[in-house]
Amino acid sequence: MFASAMIVVSLQFAKAQEFSIYDSITPEIIPIWTRVADYAPVLRSVESACISPDGKLVVSASKFGYNLMVWRVADGALLWESQENAEIECVVFSPDGKRFATGDEDYFVKVWDTATGKVLNKMEHDSGLDGIAWSHDGKIIAAGSEKGDV
């Protein structure tokens, strides 16, 4: 009985090894969660999302409800959210994942504490922001504006 149980486990393990969630030849987009942005049943939209460098968290920004949300990847649990005054167009994690930055239609780049949701820094611009990047060394945040400057 012990030997046959080992064989079954070995066969199950072999089958599990054949299964891949990512096909490198033909990638497929698979929805992980059904709602990571707006609450409205009709006007749901994720304007921007970013995965933390360690792959454990996701930050998402909604288009219509102006919600900023931080999620745990393992189970899709919402860790915290913030209702903002304007649409957040772009999000990016710092290289260490302890912070992230957002760019919004309210003309601000904000740096957030990932764990608490506290705004650590707020920099105003003279137009809405559409793109954002954080340098690999963590020293520079670049934001692109609707006026066409960085």
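A residue is counted as buried when its relative accessible area is under 20%, as exposed when that area is over 50%, and as partly exposed in between. In the predicted model described here, D126 is partly exposed, with a relative accessible area of 47%, whereas K147, at 55% relative accessibility, counts as exposed. These two residues form a salt bridge in which the closest N and O atoms are 2.8 Å apart. Because K147 lies in the segment after β10 (141–145) and D126 in the loop between β8 and β9 (129–134), the pair ties together parts of the chain that are 21 residues apart in sequence.

The chain as a whole comprises one helix and 10 strands, and along the sequence the helix precedes the strands, following the pattern α-β-β-β-β-β-β-β-β-β-β. Of the 150 residues in the chain, 35% are buried. The surface that the chain exposes amounts to about 9800 Å², of which carbon and sulfur atoms supply 59%. Among contacts between residues at least 6 apart in sequence, 36% join residues at least 24 apart.

Four of the strands form an open sheet with the order β5-β6-β7-β8, in which the pairing is antiparallel. The edges of this sheet are occupied by β5 (88–93) and β8 (119–124), each of which has a single partner strand, so that one side of each is left without a neighbour in the sheet. Neighbouring strands are turned by 15° against each other on average, direction ignored. Between β5 and β6 (residues 99–104), which run antiparallel, there are five bridges, and V91 has T102 of β6 as its bridge partner.

The largest nonpolar core consists of 12 residues, namely C50, L57, V59, A61, L68, V70, W80, I88, V91, F93, F100 and W112. At least two residues of this core are supplied by each of β2 (57–62), β3 (67–72) and β5. V91 therefore belongs to this core as well as being bridged to T102 in the sheet. A second, separate core contains nine residues, including C90, A101, V109 and W134. Within the largest core, W112 is in contact, when its neighbours within four places in sequence are left aside, with L68, W80, S82, E84, K98, R99, F100, T102, G117, K118, V119 and L120. The contacts of W112 thus include the core residues L68, W80 and F100, together with E84, a residue that also takes part in a salt bridge.

Five salt bridges are counted in total. In one of them, E84 is joined to K110, with the closest N and O atoms 2.7 Å apart. This pair links distant parts of the chain, since K110 is in strand β7 (residues 108–113) and E84 is in the loop between β4 (78–83) and β5, 26 residues away. Both partners are buried: the relative accessible area is 9% for K110 and 12% for E84. Salt bridges with shared partners join E84, D104 and K110 into one network. A further salt bridge brings together the side chains of R72 and D75, at 3.0 Å from N to O. In this case R72 is partly exposed, with a relative accessible area of 34%, and D75 likewise counts as partly exposed, at 48%.

Methods
Residues numbered from 1 in each chain as written. Predicted model: local features only at pLDDT ≥ 70, side-chain atom pairs only at ≥ 80, totals over all residues. Heavy atoms only, no water. Pairing = 2+ DSSP bridges. Axes fitted to C-alpha atoms, helices over the stretch in contact; angles between N-to-C directions. Core = buried A, V, L, I, M, F, W, Y, C linked by side-chain atoms within 4.5 Å. Buried < 20%, exposed > 50% of the residue type's maximum accessible area, 1.4 Å probe, protein only. Contact = heavy atoms within 4.5 Å. Areas by Shrake-Rupley, 256 points an atom, 1.4 Å probe, with all protein chains shown as cover. Salt bridge = Lys/Arg side-chain N within 4 Å of Asp/Glu carboxyl O.
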